[in-house]
Amino acid sequence: SSGINAEYGGAYTPLVQGIVAQAQYWRDPFNDALFRRKSRFLAGMNQLNQFNPIYRSNLMKTSNVTLVRFTQDSTVIPYASEWFGFFKIGQDKEVYTLQESYELWDEDRLGLKEMWNQNRLHFLSIYDDHLKIPNEFWEKEVYPRLRN
């Protein structure tokens, strides 16, 4: 059992889900079934249990979606999840990408694949820790995408 599994084992209790916002984002790679059953936010928002066409429809109304990941992130683990990736189930070393996700890419439950095909989904990386965004990154990468 990894340190992550032991450290966050109680993340899916109603008390913790109700008062610790970060617990609602935790996906335990060692207990995916529990995550899918007990997660109050992430499993539902990512449509991992059932499809809600309203979520997809609302996201598709945006002109562009830009996902920014921080490659030295010490808050979001794994940082691949900032682009809808995550640990491969059963371990906490290897990750899969959004494009390897059955629900989110192959079934396109959020419309991300369709947006990608329409050049409306953008992936950006910053070589730094969580939310450390240099001013020039905003000016060069983010603001131009917000104008479109």
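**Notebook: charges, rings and backbone angles**

**Entry 1: L131.** I began with L131, which counts as exposed at 58% relative accessibility, because the cut-off for exposed is over 50%. The model I am reading is predicted. I placed L131 in the loop between β4 and α8. Its phi is near 60 degrees, a positive value in a residue that is not glycine. I noted beside this that most residues other than glycine have a negative phi, and that most peptide bonds are trans.

**Entry 2: D108.** I then looked up a second positive phi, that of D108, which is near 50 degrees. D108 sits in the loop between α6 and α7 (112–117). Is D108 buried or exposed? I found a relative accessible area of 10%, so D108 is buried, whereas L131 is exposed.

**Entry 3: I77 and P78.** I checked the peptide bond joining I77 and P78 and recorded it as cis, with omega about -5 degrees. P78 belongs to the loop between β1 and β2.

**Entry 4: E82.** I stayed in that loop, between β1 (65–70) and β2 (86–87), where E82 is also placed. Which side chain of opposite charge is nearest to E82? It is R69, 6.4 Å away; E82 is buried and has no salt bridge. The distance to R69 rules out a salt bridge for this pair, because the nitrogen and oxygen would have to be within 4 Å. I did find a polar atom of the E82 side chain 2.7 Å from the backbone nitrogen of F70. Leaving aside residues up to four places away in sequence, E82 touches L67, V68, R69, F70, D73, V76 and H130.

**Entry 5: rings.** I searched the whole structure for aromatic pairs and obtained seven. W83 and F123 form an edge-to-face pair, with 5.0 Å between centres and 65 degrees between planes. This pair links distant parts of the chain, since W83 is in the loop between β1 and β2 and F123 is in strand β4 (residues 121–126), 40 residues apart. W83 is buried, its relative accessible area being 18%. I also noted R69 over the face of W83, 3.7 Å from the ring centre. Separately, I listed W26, F86 and F87 as one aromatic cluster.

**Entry 6: salt bridges.** Side chains of opposite charge can pair when their charged atoms come close. How many salt bridges does a search of the whole structure find? I recorded nine. One of them joins R36 and E103, whose closest N and O atoms are 3.0 Å apart. This pair links distant parts of the chain: R36 is in helix α3 (residues 32–38) and E103 is in helix α6 (residues 102–106), 67 residues apart. Both R36 and E103 are buried.

I next took K93 and D92, a salt bridge with 3.4 Å between the closest N and O atoms. K93 is exposed at a relative accessible area of 68%, while D92 counts as buried at 15%.

R145 and E141 also meet in a salt bridge, at 3.2 Å from N to O. Why are these two separated by about one helical turn? They are four residues apart in helix α8 (residues 135–147). R145 is partly exposed, with a relative accessible area of 24%; E141, at 19%, counts as buried, because the limit for buried is under 20%.

**Entry 7: network.** Returning to R145, partly exposed at 24%, I closed that pair and turned to shared partners. R27, D32, R36 and E103 are joined into one network by salt bridges that share partners.

How values were computed: Residues numbered from 1 in each chain as written. Predicted model: local features only at pLDDT ≥ 70, side-chain atom pairs only at ≥ 80, totals over all residues. Heavy atoms only, no water. Buried < 20%, exposed > 50% of the residue type's maximum accessible area, 1.4 Å probe, protein only. Lys, Arg positive; Asp, Glu negative; His and termini not counted. Polar contact = N/O pair within 3.5 Å; in protein donor to acceptor, adjacent residues only side chain to side chain. Contact = heavy atoms within 4.5 Å. Phe/Tyr/Trp six-rings, centres within 6.5 Å; stacked < 30°, edge-to-face > 60°. Lys NZ or Arg CZ within 6 Å of the ring centre and 35° of its normal.
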